[in-house]
Amino acid sequence: MPANPDPDRALHVVVTGASSGIGAATARAFAALGHRLSLGARRAERLPELDAPTLRHPLDVTDETSVETFLAAARAAHGAIDVLVNNAGLARGVETIADATGEAWREMIETNVLGVLHVTRRVVPEMIGCGRGHVVMIGSVAGHETYEGGSVYCATKRGLRSIAEGLRYETLGTGVRVTSVDPGMVETEFSVVRFRGDQTKADSVYTGTRPLTADDVAECIVFAATRPAHVNIDSMLVMPTDQASPKRVHRRQG
Ligand code: NDP
Ligand code: 8X3
C-alpha cells in the first residue's frame, strides 16, 4: 500500500458503520498506516480496538442528534475531519414491491440515503473551509444494475451515485474530493442482516463462488484516499472475478 502523500500529517478518518465488515476493515487499514480514526456504529461495543489513536463512539446515522454527538466527539478527539467514509448501510429482504412492507423500505432509505446526507452535510462545510477533505461513498454494483427483489436497495445505491456526482459539482474548486467505491459481492454480515439472521440463506449467497473480502474493499478505499491532493478517483466498481453483474455469478460444483 502506498504511503500517505503528506507523511508528516496523520489524517483524521471518520468511518461510519465500523462495527463490522467493510467499515471495520477500512478502520484497520487506515490504522495500519498510522492515521487517526473516529469510528461509529450502533453496536459501539463491537467497534475495533486499534493500534492507532481511535475514538470509538455510538452512532446511528438515521438519528440527527446521534450524528451531531458523534461528530462533536470526533472533532474533540482528533480535530478537523480529513476523510469521511460513508459506509454504514444495509439491505433488508428480497421481497418484490408487491410483497414487501414499507418498514424495510424505510429502513434502507433512512440508512443508505438520508443517513449519508445527515453525516455529509455536517462535515463538508468544514472541509470547504479547510480547502481540503475527502468524502468516500460506499455504493454498490447494485447502484449500476437493478435486480428483482432488490429494487429499493438498488435505488438507494443508485441515489448515492447521484449524491456523489452532485457533491463533486458543488465542491469543484474547493479542494474537496469525492469518491464512490462500488463493490460487488463481499462476504460480510451484509447477507445475515438482509435475511434477518437466517445464516443458511446468507451462506447460500456465497456457495461455490469466491466473493471479495472486506479487506479487498478497504484497500481500494485507502488507495483512493492516499492519492496526491490533485488526484481524485471519481469511482471504482470493484467486482469479484467470479461475478459479472449482481445476478451473474460463476459457481463451482461440489
Ligand atoms: P455489514 O453488515 O458487515 O456492516 C454494515 C455496517 O453498517 C455495520 O457496522 C453496521 O453497524 C452499520 N450500520 C447499519 N445501520 C447503521 C446505522 N443506522 N447507523 C450506524 N451504522 C449502521 O455489511 P458490509 O460491511 O458489507 O456493508 C458496508 C457497506 O457496504 C454498506 O453500505 C453496504 O450496502 C455496502 N455494500 C456491501 C456489499 C456486500 O456484498 N457485502 C456490496 C456492495 C456494497 P451497527 O449494526 O452496529 O450499527
Ligand atoms: C450488495 C451487493 O448484489 O447483493 O450491495 O446488491 S448486491
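**Close-up views of two ligands, a pocket and a cavity**

An oxygen atom of ligand 2 is 2.5 Å from an N or O atom in the side chain of S140. That contact opens the first of the views below, and keep in mind throughout that the whole model is predicted.

**View 1. Ligand 2 and the side chains that meet it.** S140 isn't on its own here: Y147 has a polar side-chain atom 2.5 Å from an oxygen atom of ligand 2. Y153 joins in as well, with a polar side-chain atom 2.6 Å from an oxygen atom of this ligand. On its own, ligand 2 has 250 Å² of accessible area, and the protein covers 83% of it. Around ligand 2 you'll find S140, A142, Y147, Y153, F190, R194 and P246. Sort that shell by class and you get five nonpolar residues, one polar and one charged.

**View 2. Ligand 1 and its backbone contacts.** Look at the backbone this time. At I22, a polar backbone atom is 2.8 Å from an oxygen atom of ligand 1. N87 offers a polar backbone atom too, again 2.8 Å from an oxygen atom of ligand 1. At L59 the partner is a nitrogen atom of the ligand, which lies 3.5 Å from a backbone N or O atom. How much of ligand 1 does the protein bury? Taken alone, this ligand exposes 880 Å², and 96% of that is buried by the protein.

**View 3. The shell around ligand 1.** Step back a little and 30 residues surround ligand 1, with S20, R42, R43, Y153 and T188 the closest. You've met Y153 already, as one of the residues around ligand 2. Which helices should you look for in this shell? Try α1 (21-32), α5 (151-170) and α6 (190-194), each of which supplies at least two of the shell residues. By class, the shell of ligand 1 breaks down into 13 nonpolar, 12 polar and five charged residues.

**View 4. The largest pocket, where the ligands sit.** The space that ligand 1 takes up is the largest pocket, and ligand 2 sits in the largest pocket too. There's about 1100 Å³ of space in it. Its lining is made of 50 residues, and those nearest the centre are G89, L90, Y153, T188 and F190. Several elements chip in with at least two lining residues each: α1, β2 (36-41), α5, α6 and α7 (199-204). Which of them gives the largest share? That's α6, with four residues. As for classes, the pocket lining has 22 nonpolar, 17 polar and 11 charged residues.

**View 5. A cavity in the structure.** Now leave the pocket and look for a cavity instead. How many cavities of 30 Å³ or more turn up when the whole structure is searched? Just one. The largest cavity has a volume of about 80 Å³. It is lined by 16 residues, and R92, E95, W105, M108 and G149 are the closest to its centre. Two helices, α3 (102-120) and α5, each supply at least two residues of this lining. You've seen α5 before, since it also supplies at least two residues to the lining of the largest pocket. The cavity lining counts eight nonpolar, five polar and three charged residues.

**View 6. R196, a residue with a positive phi.** Zoom in on the loop between α6 and α7, and that's where you'll find R196. Its phi is positive, at about 50°, although R196 is not a glycine. The helices on either side of this loop should look familiar: α6 and α7 each supply at least two residues to the lining of the largest pocket.

Technical notes
Residues numbered from 1 in each chain as written. Chains lettered and ligands numbered in written order. Predicted model: local features only at pLDDT ≥ 70, side-chain atom pairs only at ≥ 80, totals over all residues. Heavy atoms only, no water. Near = heavy atom within 4 Å. Polar contact = N/O pair within 3.5 Å; in protein donor to acceptor, adjacent residues only side chain to side chain. Areas by Shrake-Rupley, 256 points an atom, 1.4 Å probe, with all protein chains shown as cover. 1 Å grid on protein atoms, 1.4 Å probe; cavity = no way out; pocket = protein on both sides within 12 Å on 5 of 7 lines; lining within 4 Å. Sits in = over half its atoms within 2 Å of the grid points. Nonpolar A, V, L, I, M, F, W, Y, C, P; charged D, E, K, R; others polar. Points joined across faces, edges and corners; volume = space filled by probe spheres on them.
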